[in-house]
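Open the model in your viewer and keep the sequence beside it. This tour goes from the whole chain to single residues.

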Amino acid sequence: MHFPPPEVFAREWGRVSSPALGVWQRISSDQPLRANTGNLERSAVTRCSDCARAHSGYV
């Protein structure tokens with residue numbers, strides 16, 4: 001199982017807990033994913049490459 005580095009849990013980072021089914025395939029600049037824990041001002045337009053490799057089949 002992939003565990004993010006400790007700095008990902010720092011206060012300035014945003015995270016997504018319990019993402020909706022298929023969200024990682026749809027994430028883009030047109031469909032950013034808003035953080036729902038941590039820094040709620042953050043959003044992502046790409047998936048972390050380490051996470052994508054670790055969970056290539058994760059939807």
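What percentage of the 59 residues of the protein count as buried? The figure is 10%. Keep in mind that this is a predicted model.

**Whole chain**

Start with everything selected. Show the surface: its accessible area comes to about 4600 Å². Carbon and sulfur atoms hold 55% of that area. Now switch to a cartoon. Two helices and four strands appear. Trace them along the sequence, and the pattern reads β-α-β-β-β-α. Consider the contacts with a separation of 6 or more: 34% of them join residues 24 or more positions apart.

**Colour by confidence**

Colour by pLDDT next. The mean for the protein is 80, and 78% of the residues reach 70 or more. Select residues 33-34, strand β2: confidence is highest here, at 94. Then select residues 49-54, helix α2: confidence is lowest here, at a mean of 73. Where pLDDT is low, the predicted coordinates should not be read in detail.

**Stop at S18**

Select S18. This residue sits in the loop between β1 (14-15) and α1 (23-26). Check its backbone: phi is near 50 degrees, a positive value in a residue other than glycine. Most residues other than glycine have a negative phi. Is S18 buried or exposed? S18 counts as exposed because its relative accessible area is 72%, and the cut-off for exposed is over 50%.

**Move to Q31**

Go on to Q31, in the loop between α1 and β2. Its relative accessible area is 44%, so Q31 is partly exposed. Add A44 to the selection. The two residues are 13 apart along the chain, and their C-alpha atoms are separated by 8.9 Å.

**Finish at N39**

Select N39. Its place is the loop between β3 (37-38) and β4 (43-44). With a relative accessible area of 22%, N39 is partly exposed; the cut-off for buried is under 20%.

Which residues does N39 contact, leaving aside its neighbours within four places in sequence? Show R11, E12, W13 and G14: these are in contact with N39. Take R11 from that group. R11 and N39 are 28 residues apart along the chain, yet 6.5 Å separates their C-alpha atoms.

Now show the N39 side chain as sticks. The side chain reaches the backbone oxygen of E12 at 3.3 Å. Turn to E41 as well: its backbone nitrogen lies 2.9 Å from a polar atom of the N39 side chain. With E12 and E41 both displayed, you can follow the two distances from N39, 3.3 Å and 2.9 Å.

Conventions. Residues numbered from 1 in each chain as written. Heavy atoms only, no water. Buried < 20%, exposed > 50% of the residue type's maximum accessible area, 1.4 Å probe, protein only. Contact = heavy atoms within 4.5 Å. Areas by Shrake-Rupley, 256 points an atom, 1.4 Å probe, with all protein chains shown as cover. pLDDT = per-residue confidence, 0-100. Polar contact = N/O pair within 3.5 Å; in protein donor to acceptor, adjacent residues only side chain to side chain.
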